[in-house]
Amino acid sequence: MSPASQAGQPRPALTTTETTRHARIHGIGGYRPERVVTNEEICQRIDSSDEWIRQRSGIIERRLARPDESVIDMSEPAARDAIEMAGIRPEQIGLVLMATVTHPYQTPAAAPLLALRLGIPDPAALDISAACAGYCYGISMATDMVRAGTVDYALVVGVEKLSDFTDFTDRGTAFIFGDGAGAAVVGPAEEPGVGPTVWGSDGENWDKIVQRESWTDLRDTLADGSAGEDRWPAFSMQGQAVFRWAVYSMAPVARKAMAAAGVTAEDLDVFIPHQANMRITDAMVKELKLPADVAVARDIAETGNTSAASIPLAAARMLASGEARSGDLALQFGFGAGLVYAAQVVVLP
Ligand code: UT7
């Protein structure tokens, strides 16, 4: 108890921020590394074929970053495009959320350095570790903070350099992953532009997509001299189990997100699921009974699975190509390692 309340004086009511405004996405941007890597190139190191990879995943090629290109390097152009589209100045951004699982420093986070590069003075800046759901987690958190008046504008980035954490001799993952960055600016709006997020986690399946050993285990193998390149803590995945989980458990989540936003499949213009596997996308389209005129993101064919970057990258491409338009109603939906998931209906900028 403070001396004032001990003395019987009333506690002052705290000043709080505005709580009545709405939020929307004001701008989206994407960055794809220059180097295109074909299935043939991937198959030089695994027993597979272009045909198998196309049939089982829908992937034709992916982009991989240069060795010296970091997640911050990739985020910068994506963020600049999103800020430009939003028509704001970097100084107006009060929060930088970077969704990534491939920033190669345990600490500090990548977000403060990105903010510095972008000339955003003194924002709250942190990374989100929610793998392929990270961007949708970020949009949810940014939306709540804008609505609560905590910040006016938030920059949400989804970025991965998965090539640093891929074992290119592992048949189960070598062909799946790609590198890239996508970004969005969330800010105040007259009308709701981001529906309620339906999100969650399933820790029972924590090991289904996992860094195959921890940094401390790696340290121990280094210490006893048994560490080799094969001990690098790349990501491993129980593909079939994740596939089944995505196909059977995630459609109800998408339906809940539509219901929470007060819309039906008939109201949607665009569907942007995490680009995990073209067959998962097809199964979801069927399961959700999406009308044929809903534009469906199929960016995985040229980009591979870029985890946190896949949704904003796909959205940026659809907006640039005219497949999606400003004002369109989009259902976006991330799911992956954790296992974690998040779905929300948004109005595209
Ligand atoms: O981003 C986070 C979320 N991630 C996902 O949602 C990924 C979900 N999982 C998947 O996308 C799929 O499980 C994969 C594309 C990774 C694999 O496809 P699949 O259809 O589940 O393959 P599978 O593991 O069931 O293997 C089927 C067959 C097996 O041969 P048999 O036993 O039928 O003779 C495998 O040995 O394909 C074989 N196989 C391969 N063949 C050629 C497995 N990997 C390969 C390969 N190339 N790379």
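A polar contact is taken here as a pair of N or O atoms within 3.5 Å, one able to donate a hydrogen and the other to accept it. The model is predicted. By this criterion, the side chain of H103 pairs with the backbone of A110: a polar atom of the H103 side chain lies 3.4 Å from the backbone nitrogen of A110. The side chain of H103 also has a polar atom 3.0 Å from the backbone oxygen of P108.

H103 sits in the loop that links β4 (93-99) to α5 (111-118). Its relative accessibility is 15%. Buried means under 20%, so H103 counts as buried. Leaving aside residues up to four places away in sequence, H103 touches V71, P108, A109, A110 and D127. P108 and A110 thus appear in this set, and each supplies a backbone atom to the polar pairs, the oxygen for P108 and the nitrogen for A110.

The second feature concerns the packing of α5. Two packed helices are described by the angle between their axes and the distance between the axes. For helix α4 (residues 71-86) and α5, the axes come within 10 Å. They cross at roughly 55°. The two helices are therefore oblique to each other. The crossing of α4 and α5 is right-handed.

On the α4 side, the contact is made by I72, D73, S75, E76, A79, R80 and I83. On the α5 side, L113, L114, R117 and L118 take part. The residues of this contact divide into six nonpolar, one polar and four charged.

Methods. Residues are numbered from 1 along each chain as its sequence is written. This is a predicted model: local features need pLDDT of at least 70, side-chain atom pairs count only at pLDDT 80 or more; totals for chains, interfaces and linings use all residues. Side-chain values use heavy atoms; hydrogens and water are left out. Helices (H or I, at least four residues) and strands (E, at least two) are DSSP runs, numbered from the N terminus. Buried means under 20% relative accessible area, exposed over 50%, partly exposed in between (1.4 Å probe, protein chains only). Contact means heavy atoms within 4.5 Å. Axes are lines fitted to C-alpha atoms, for helices over the stretch in contact, and angles run from 0 to 180 degrees between N-to-C directions. Angles under 35 degrees count as roughly parallel, over 145 as roughly antiparallel, 65 to 115 as roughly perpendicular and the rest as oblique. A crossing is left-handed if the near helix is turned anticlockwise from the far one by less than a right angle, and right-handed if clockwise. Ala, Val, Leu, Ile, Met, Phe, Trp, Tyr, Cys and Pro count as nonpolar, Asp, Glu, Lys and Arg as charged, and the others, Gly among them, as polar.
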